[in-house]
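Visitor: Please show me the structure, and explain how its descriptive terms are justified.

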Amino acid sequence: MKRFDGRVAIVTGAGQGLGAQYAKDFAKDGAQVIAIDMNPETLAKVSEEIGADGGKVATYVLDITNYDGVVSMVDEVVKKFGSADILINNAAVHRAVEVSKMSKADWDLQINVDLNGSFYCTRAVLPYMIEKQYGKIINIASASAKVFFPGFGGYAAAKGGLVSFTHTLQEEVKFDNINVNAIYLGMTNTEYTRARMNEHASVTIALDDMMQPPEVSKVITWLASDEAAPIKGAAIDVFGNHY
Ligand SMILES: NC(=O)c1ccc[n+]([C@@H]2O[C@H](COP(=O)([O-])OP(=O)(O)OC[C@H]3O[C@@H](n4cnc5c(N)ncnc54)[C@H](O)[C@@H]3O)[C@@H](O)[C@H]2O)c1
């Protein structure tokens, strides 16, 4: 018996980085994974890897800022696989621009993907979770929502909003056997971080000294498991050595 046998786990931003790691680990642990990303090539690669490893995965090439697309995806998932038990709101973007120079488009993009997209996915799964009286929602926030750096204005606003959303939503569904938690994530060695290091010589932490996706994924899968059932409405620091 595996930890997520019989569970359907939706992971957004599953085409690369942490999302890909979460998708692989949920599948390894028995879940039917629903991997969402807007990049068809990376998503196909992750899906192949999960399939080759004997895991169960269905993919949706989808931009999570498309509300109607998100709702149809979730409706289809529940029709095909019976439920939507776990949602990992992981897809996000960061535009490293100081507020005085930030375009409206950069601001809107970060709020739309990081905050609105997470609400859209949550709104779509919640009625099914409430009906089943079972659900785990994990919102991936960021250390930059509590430790502040220049160039993170839009991203920090979205991630801070996501944390407040987490606490509030938990109060609404506390007695429906639904866990809603967030993590304040610190620096992790992913494609996103490596690209940022290339852009900004000021990021001086060695890749080896950052958290690695597999160790972060252990925390996320544990938090999504029934072992962590008493943790409700928490926003947990997952910083490693650095934020
Ligand atoms: N890597 C870090 O150091 C770090 C630190 C703090 C928080 N985080 C958070 O962890 C999460 C994953 O980070 P990562 O480093 O793996 O990021 P990443 O940029 O490597 O991967 C993000 C994935 O999300 C997808 N995506 C982006 N916009 C999308 C949209 N509108 N619809 C669907 N898919 C979309 C991208 O195609 C990509 O595959 C994010 O929420 C990020 O904010 C990361």
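Visitor: What makes H1 and helix H2 "roughly parallel"?

Guide: In this predicted model, the axes of H1 and helix H2 (residues 40-52) come within 10 Å and cross at roughly 20°. Angles under 35 degrees count as roughly parallel, and H1 and H2 are therefore given that description. In addition, H1 passes H2 in a right-handed crossing.

Visitor: Why are H3 and H4 called roughly parallel to each other?

Guide: Helix H3 (residues 67-81) packs with helix H4 (residues 104-132) at an angle of about 30°, and their axes are 9 Å apart. This angle is to be set against the limit of 35 degrees, under which helices count as roughly parallel. H3 and H4 are therefore roughly parallel. Their crossing is right-handed.

Visitor: How do you know that the term for H4 and H5 is correct?

Guide: The reasoning again begins with the angle: H4 and H5 pack at about 15°, with their axes 8 Å apart. With the cut-off at under 35 degrees, H4 and H5 are therefore roughly parallel to each other. H4 passes H5 in a right-handed crossing.

Visitor: Which residues surround the ligand, and what makes a residue count as near?

Guide: A residue is near if one of its heavy atoms lies within 4 Å. The ligand is surrounded by 27 residues, and the closest are Gln 16, Asp 37, Asn 90, Tyr 155 and Thr 190. By type, the shell divides into 14 nonpolar, 9 polar and 4 charged residues.

Visitor: What makes the pairing of Thr 190 with the ligand a polar contact?

Guide: A polar contact is a pair of N or O atoms within 3.5 Å. A polar side-chain atom of Thr 190 lies 2.5 Å from an oxygen atom of the ligand, which meets that limit. A backbone N or O atom of Thr 188 is 2.8 Å from a ligand oxygen atom. For Thr 193, an N or O atom in the side chain is 3.1 Å from a nitrogen atom of the ligand.

Visitor: How much of the ligand's accessible area does the protein cover?

Guide: On its own, the ligand has 830 Å² of accessible area, and the protein covers 92% of it. The elements that give two or more residues to the surrounding shell are helix H1 (17-28), strand E5 (135-142), helix H5 (153-173) and helix H6 (191-199).

Conventions. Residues are numbered from 1 along each chain as its sequence is written. This is a predicted model: local features need pLDDT of at least 70, side-chain atom pairs count only at pLDDT 80 or more; totals for chains, interfaces and linings use all residues. Side-chain values use heavy atoms; hydrogens and water are left out. A polar contact is a pair of N or O atoms within 3.5 Å; within protein, one must be able to donate a hydrogen and the other to accept it, and residues adjacent in sequence count only if both atoms are side-chain atoms. Accessible areas come from the Shrake-Rupley method with a 1.4 Å probe; for residues, only the protein chains shown count as cover. Helices (H or I, at least four residues) and strands (E, at least two) are DSSP runs, numbered from the N terminus. Ala, Val, Leu, Ile, Met, Phe, Trp, Tyr, Cys and Pro count as nonpolar, Asp, Glu, Lys and Arg as charged, and the others, Gly among them, as polar. Axes are lines fitted to C-alpha atoms, for helices over the stretch in contact, and angles run from 0 to 180 degrees between N-to-C directions. Angles under 35 degrees count as roughly parallel, over 145 as roughly antiparallel, 65 to 115 as roughly perpendicular and the rest as oblique. A crossing is left-handed if the near helix is turned anticlockwise from the far one by less than a right angle, and right-handed if clockwise.
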